[in-house]
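Work through the exercises below with the sequence and the model side by side, and try each task before you read its solution.

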Amino acid sequence: MVSTKTEEELELMAYAGKVLYDLLNYMETVIKPGISTKELDSIAERFIRDRGCYPSCKGYEGFPASICTSINDEVVHGIPSKRKLKEGDIITIDVVATYKGYMADTARTYEVGKVTKEVADLLKHTKEALYKGLSVVKSGVKLNEVSKAIESVAKEHNLGIVHELTGHGIGKEMHEDPYVYNYSNNESELILKTGMTLAIEPMFTLGKRYVWLLEDDWTIVTQDGSPAAHFEHTIVVTNNGYRILTGE
């Protein structure tokens with residue numbers, strides 16, 4: 001069952017989303033060679049709590065940190081540690097905040113110093129796919145059309161689409177129905193309705209689409225060691241399109 005949200009609920013989600021948008025913008029100023037992912041986690045937790053929200057990832061199914069920090073071939077769910085960022089790395093910050101019982105979820109992949117053109121293009125096209133998917137969102141559209149639009153960007157640029165990970169509904173729970181696939185899928189028969197809230201999140205690789213789960217039971221990496229990028233917004237479906245809840 002896919003829920004729709006009231007205006008009051010959406011405003012709570014939008015506040016959490018704005019806090020996360022401001023956080024990810026702030027991260028642009030501190031992500032540099034030499035900083036550890038544990039330091040980034042401390043910064044993020046303080047930022048979220050200082051604005052009256054709760055870092056939803058912390059303790060979620062035992063996750064030990066406030067943000068996921070995934071570096072290079074790590075696709076998602078990297079655990080913050082003493083590991084320091086190096087020139088030429090890429091890092092994805094994936095973060096969820098709760099405000100008065102309602103959540104928003106967002107992710108962004110950052111360049112650390114100067115990266116290769118190939119890697120920079122991976123980030124550019126993964127972000128492009130997010131907005132290509134959003135461009136077809138509106139009430140009355142089949143969810144699979146969003147998936148097709150995301151997939152079209154990966155196909156155009158010969159990028160791997162991770163199949164095991166999807167976007168999702170969100171609200172009172174971090175993961176609600178429906179799944180939002182990043183490739184055309186016959187399971188996606190859902191028709192979008194005004195008030196549905198979705199976390200849409202393309203995850204592309206420079207190589208093959210196949211992934212492993214590491215022994216920490218959280219971090220998912222590409223099997224071939226190729227870099228991965230991940231961009232995500234929480235949005236609400238409207239009559240004429242969508243509103244980004246994790247934006248300005």
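**Exercise 1.** How much space lies in the largest pocket? Find the residues and elements that line the largest pocket.

*Solution.* Keep in mind from the start that this is a predicted model. The first step is the volume, and the largest pocket holds about 560 Å³ of space. The second step is the lining, which is made up of 28 residues, and those closest to the centre of the pocket are H77, L165, T166, H168 and H175. The third step is to assign the lining to elements: β4, β7 (167-169), β8 and β11 (211-213) each give two or more residues to it, and β8 supplies the largest share, with four residues. The last step is to sort the lining by class, which gives 16 nonpolar, five polar and seven charged residues.

**Exercise 2.** Which residues are closest to the centre of the second largest pocket, and which element gives the largest share of its lining?

*Solution.* Begin again with the volume, since about 370 Å³ of space lies in the second largest pocket. Its lining has 21 residues, of which E28, R108, T109, K127 and F231 are the closest to the centre. Two or more lining residues come from each of α1 (7-30), β5 (102-111) and α3 (117-135), and the largest share, six residues, belongs to β5. Sorted by class, the lining of this pocket comprises ten nonpolar, five polar and six charged residues.

**Exercise 3.** Where are H77 and N158 found, and is each of them buried, partly exposed or exposed?

*Solution.* Start from the backbone: most residues other than glycine have a negative phi. H77, however, has a positive phi near 65 degrees, and N158, which is not a glycine either, has a positive phi of about 60 degrees. Next, locate them: H77 is found in the loop between β3 (74-76) and β4 (90-99), while N158 is found in the loop between α4 (143-156) and β6 (160-161). Finally, consider accessibility, where exposed means over 50% relative accessible area. N158 therefore counts as exposed, at 68%, whereas H77, at 24%, is partly exposed. H77 has also been met before, as one of the residues closest to the centre of the largest pocket.

**Exercise 4.** Which two residues does a cis peptide bond join?

*Solution.* The point of departure is that most peptide bonds are trans. The bond that joins D177 and P178 is cis, with an omega of about 5 degrees. To place it in the fold, note that P178 lies in strand β8, which covers residues 176-180; β8 is also the element that gives the largest share of the lining of the largest pocket.

Definitions and conventions:
Residues numbered from 1 in each chain as written. Predicted model: local features only at pLDDT ≥ 70, side-chain atom pairs only at ≥ 80, totals over all residues. Heavy atoms only, no water. Buried < 20%, exposed > 50% of the residue type's maximum accessible area, 1.4 Å probe, protein only. 1 Å grid on protein atoms, 1.4 Å probe; cavity = no way out; pocket = protein on both sides within 12 Å on 5 of 7 lines; lining within 4 Å. Points joined across faces, edges and corners; volume = space filled by probe spheres on them. Nonpolar A, V, L, I, M, F, W, Y, C, P; charged D, E, K, R; others polar.
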